[in-house]
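Biologist: Could you take a close look at the aromatic rings in this one for me, and walk me through how they sit in the fold? Start with the overall picture if that helps.

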Amino acid sequence: MALRPVFIAIDEYPYVKEEMIDFEWHKGMAASQKQKSIGSLHKAAKEQFSHLKILEISTKSEQALGVQLSAFNLRVELKSGQKLPLENIFHASKVFENGGPYKELLSIPTHEVKRDERLLESGKLIGFSSKGKVWPLIPKTIFYDWLYLNTLYLQEALIAEVSHYNAFTDIEFNPKKSINCQARSAALFVSLTRKGLLKQFLSSSDEFIRQFSLKSTTDKPEQKDLFS
């Protein structure tokens, strides 16, 4: 058995509800095994919350939409016109006590970027650097959410499809090891879209930070953010 979160789009702050679900885990690294675990997770979640329409967001998803919404596949367009995976952008933006941001991470294979030893050996994570702005670690997921929401906001075809769902999972996400999660960001996107708040929240980075800092003063940065 295993315990993993389902992220549910809700109408009130913080706009995402996290429910931990106990389900049957299928051992093995093969995609087929991961998909069995996804099926078990969704089945267990729907037994508890029958109203959920759940989408797995990862490269292991059996739905094409779920694969497209993975941070490995969503592309961020730079000023140069170059389009790079969101996963690379996120890790290349990290600033540590002893180094970073490591812009070289923009150009390495996406499946290797998270394992770059500099992300593990540069001391404590202290923030994120993007377009001359240093983002804080509080609220915990603020920079990743900003990056994910802005990227998805430009994908009109995907917006229509993702809005059909009200809950999201990522079978690769373990909350004991990481904080940021593409499934959580997708749930936030759907919530803000349904509330008619998305355009306002994305109007500027300062506005986005302000909206999510109002009620998050009890959050504390954690070293495990380094591994997200």
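Modeller: About 11,500 Å² of the protein is exposed, and carbon and sulfur atoms supply 50% of that. Keep in mind that this is a predicted model. Of the 228 residues, 52% are buried. The fold is built from 10 helices and nine strands. With a radius of gyration of 17 Å, close to the 17 Å that the globule rule gives for 228 residues, the protein is as compact as a globular protein of that length. If you drew a box around the C-alpha atoms along the principal axes, it would come to roughly 45 × 40 × 40 Å. As for contacts, take those with a separation of 6 or more: 61% of them are between residues 24 or more positions apart.

Now to the rings. A pair of aromatic rings is described by the distance of the centres and the angle of the planes. Counting rings whose centres lie within 6.5 Å, you get 18 aromatic pairs. A good one to zoom in on is Phe-128 with Phe-143: the ring centres are 4.8 Å apart and the planes sit at 15°, so this pair is stacked. Phe-128 belongs to strand 7 (residues 125-130) and Phe-143 to helix 6 (residues 142-153), so the pair ties together parts that are 15 residues apart in sequence. Both partners are tucked away: Phe-128 has 3% relative accessibility and counts as buried, and Phe-143, at 2%, counts as buried too.

That pair is also part of a bigger group. Ring pairs link Phe-128 and Phe-143 into a cluster with Tyr-13, Tyr-15, Phe-90, Trp-135, Tyr-144, Trp-146, Tyr-148, Phe-201, Phe-208 and Phe-212.

Follow the cluster to Tyr-13 and Tyr-15 and the backbone gets interesting. Most residues other than glycine have a negative phi, and most peptide bonds are trans. Yet the bond from Tyr-13 to Pro-14 is cis, with omega near 5°. Pro-14 lies in the loop between strand 1 (2-9) and strand 2 (16-23), and Tyr-15 is found in that loop as well. Tyr-15 is not a glycine, but its phi is positive, at about 75°. Its relative accessibility is 11%, so Tyr-15 counts as buried.

There's a second stretch to check, around strand 8. Here the peptide bond from Ile-138 to Pro-139 is cis, with omega near -5°. You'll find Pro-139 in the loop between strand 8 (133-135) and helix 6, the helix that holds Phe-143. On the other side of strand 8, Lys-131 is in the loop between strand 7 and strand 8. Lys-131 has a positive phi too, near 55°, and isn't a glycine either. Its surroundings are another matter: Lys-131 is exposed, with a relative accessible area of 83%, while Tyr-15 is buried.

Finally, rings here also have charges over them. Arg-4 lies over the face of Trp-25, 5.3 Å from the ring centre. For Tyr-165, it's Lys-53 whose charged end sits over the ring, at 5.3 Å from its centre. If you're browsing the model, I'd begin with the stacked pair, Phe-128 and Phe-143, then move along the cluster to Tyr-13 and Tyr-15.

Notes:
Residues numbered from 1 in each chain as written. Predicted model: local features only at pLDDT ≥ 70, side-chain atom pairs only at ≥ 80, totals over all residues. Heavy atoms only, no water. Phe/Tyr/Trp six-rings, centres within 6.5 Å; stacked < 30°, edge-to-face > 60°. Helix = DSSP H or I, 4+ residues; strand = E, 2+ residues; numbered from the N terminus. Buried < 20%, exposed > 50% of the residue type's maximum accessible area, 1.4 Å probe, protein only. Lys NZ or Arg CZ within 6 Å of the ring centre and 35° of its normal. Rg over C-alpha atoms; globule rule 2.2 N^0.38 Å. Contact = heavy atoms within 4.5 Å. Areas by Shrake-Rupley, 256 points an atom, 1.4 Å probe, with all protein chains shown as cover.
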